Amino acid sequence: MNKQSNTYTILYSAIMVIVVGAVLALVSGALKPKQDENIRIEKMKQMLSAVHISPESDAMVIEAYNKYFTEAFSVNNAGEVVGDDADAAFAIDMAKELKKDAAERVLPVFKFVGDDSQVRYLMPVSGAGLWGPIWGYVAVESDGIAIYGAYFSHSGETPGLGAEIEKSAFQEQFQGKQLYKEGEFLPVEVMKAGQKPTSGADYVDAISGGTITSKGVQDMLRVCLTDYSAFLNTLSNENSK
Amino acid sequence: MATKIKEVFFNPFSKNNPVIVQVLGICSVLAVTAKLEPALVMGISVTAVLAFANVIISLIRNTIPTNIRIIVQLVVVATLVIIVDQVLKAYNYQVSKQLSVFIGLIITNCILMGRLEAFALGNKPWPAFLDGVGNGIGYAIILVVVGFFRELLGSGTLFGIQVVPQALYDLGYMNNGLMILPPMALITAACIIWVQRSHNKDLQEK
């Protein structure tokens, strides 16, 4: 067969594509369970980071997770518990929930019992930065008012600018901030250094040069925590009883 | 024949090193050498991709239609790179996160296309394999040397383990933050080129 002919070239590329496709599908199928496990461990690690625990190895991550996050359940945006299966709550993808109507969202809550046997609650948040998705976890005290810790991550923010939300210097600012002011729900705002929110809400300093990512963090907190506000209300009511 | 095979394998280490003599693949030298571990993993990844791509192209070299040979080379390299990426995600997730986009960018590494076009298309699989491994190692050596100096001077660690003793810090020694930044990778690579050329008369331009 003439190797320079069009038929040969087209046949050659067609066969090549089929072979390559089959090989890649095979590799992807074989490695998927292992990769999913890594992603699961990474998620646990991020959740532990929000409550100031950083295990050294992957095996210790699972151990620490099982030790500290004793319970998980899911609530709707009216604050009612709609599910008590911990695995189901862990599997919920916050970004997908946010695409649903507010009333239909299933919001996971993780109960954290620290070494000081204080009960705290961890909630995932998800939003958009400048270049792509950003997400994180916010842990609140058992009264549902004060933030105990926060963790944020991103998929592709600018290194040195927006990507700084990943750094502990930014995340540590959230500790002790309050989500309620005189009974009114006001999520923490992210403001340029020197500015204050007019609403009187608690605030943290934004990343300089990362304005849009910082705004993204603020919007993410506002949108996601508003969904949780009914649940947080029940927490603070129970607490004041 | 034996000496030719030897040359194919050993020349890329020093006399014809892809990074410091041919000055190819410099952008990944900038990007992944702030720490030693990602530098080493990147070196191994490139070596694996290059060796297998060379063998595959060499095996099918007589069947490839000339007018789409670059596309065929790209498809082979891209497939291997995706496999490497998937394997890293499964077995070394932390490093795969650090290397992120740079594993994918192995495809654009000039060393690969250069070796496929210049060597694999015209040689038998065994020499092609040795050429791939040789060039991969030649690339990895430079990455590791640059990574070694950048991590040691920039963070005081090697493979993440503290090697600069605390006593030295107490005496006022400080990590050089500039070493972490990309420009120092170029300067370190340039120093290696300088040392190598001053030892190797053949490489000096008149």
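Is Asp227(A) buried or exposed, going by its relative accessibility? I began with this residue, working in what is a predicted model, and I found that Asp227(A) counts as buried, at 6% relative accessibility.

**Entry 1: around Asp227(A).** I placed Asp227(A) in helix α6 of chain A, which covers residues 211-240. Setting aside residues up to four places away in sequence, I listed its contacts as Asn76(A), Asn77(A), Leu98(A), Arg105(A) and Leu107(A). Of these I followed Arg105(A), which forms a salt bridge with Asp227(A), the closest N and O atoms being 2.6 Å apart. I noted that this pair links distant parts of the chain, with Arg105(A) in the loop between α4 (94-99) and β3 (107-113) and Asp227(A) in helix α6, 122 residues apart. Arg105(A) is itself buried, with a relative accessible area of 12%, and because both that value and the 6% of Asp227(A) fall under the 20% limit for burial, I entered the pair as a salt bridge between two buried residues.

**Entry 2: salt bridges within a helix.** I then turned to Asp36(A), which forms a salt bridge with Lys32(A), the closest N and O atoms being 3.2 Å apart. The two residues are separated by about one helical turn, because they are four residues apart in helix α1 (residues 6-50) of chain A. I recorded Asp36(A) as partly exposed, with a relative accessible area of 36%, and Lys32(A) as partly exposed also, at 41%.

In chain B I looked up Asp85(B), which forms a salt bridge with Lys89(B), where the closest N and O atoms are 3.5 Å apart. Here too the residues are four apart, in helix α4 (residues 69-91) of chain B, and so are separated by about one helical turn. Asp85(B) counts as partly exposed at 21% relative accessibility, and Lys89(B) is partly exposed with a relative accessible area of 32%.

For the structure as a whole, I noted 15 salt bridges over all chains, and I marked Asp116(A), Arg120(A) and Glu141(A) as linked in a network of salt bridges.

**Entry 3: where chain A meets chain B.** How many residues of each chain are in contact with the other? I counted 19 residues of chain A in contact with 21 residues of chain B. The two chains bury about 1,800 Å² between them, and 62% of that area is on carbon and sulfur atoms. I found eight residue pairs in polar contact between the chains, with both residues at pLDDT 80 or more. On the side of chain A that touches chain B, I sorted the residues by class into nine nonpolar, six polar and four charged. The count of salt bridges between the chains is one, and I identified Glu42(A) with Lys97(B), the closest N and O atoms being 2.6 Å apart.

**Entry 4: nonpolar cores.** The largest nonpolar core has 41 residues, and those with the most contacts inside it are Met42(B), Val49(B), Leu99(B), Ile103(B) and Ile106(B). Among the elements giving two or more residues to this core I noted α1 of chain A, together with helices of chain B including α3 (36-59) and α8 (125-155). The most comes from α3(B), which gives eight residues. I took Val49(B) as a case to follow, and, leaving aside neighbours within four places in sequence, I found it in contact with Val77(B), Leu80(B), Val81(B), Val84(B), Ile106(B) and Leu112(B). Apart from this core I recorded another, of 34 residues, among them Leu107(A), Ile147(A), Phe152(A) and Val188(A). Leu107(A) had already appeared in my first entry, as one of the residues that Asp227(A) touches.

Terms used:
Residues numbered from 1 in each chain as written. Chains lettered and ligands numbered in written order. Predicted model: local features only at pLDDT ≥ 70, side-chain atom pairs only at ≥ 80, totals over all residues. Heavy atoms only, no water. Contact = heavy atoms within 4.5 Å. Buried area = accessible area lost by both parts, 1.4 Å probe. Salt bridge = Lys/Arg side-chain N within 4 Å of Asp/Glu carboxyl O. Polar contact = N/O pair within 3.5 Å; in protein donor to acceptor, adjacent residues only side chain to side chain. Nonpolar A, V, L, I, M, F, W, Y, C, P; charged D, E, K, R; others polar. Buried < 20%, exposed > 50% of the residue type's maximum accessible area, 1.4 Å probe, protein only. Core = buried A, V, L, I, M, F, W, Y, C linked by side-chain atoms within 4.5 Å.
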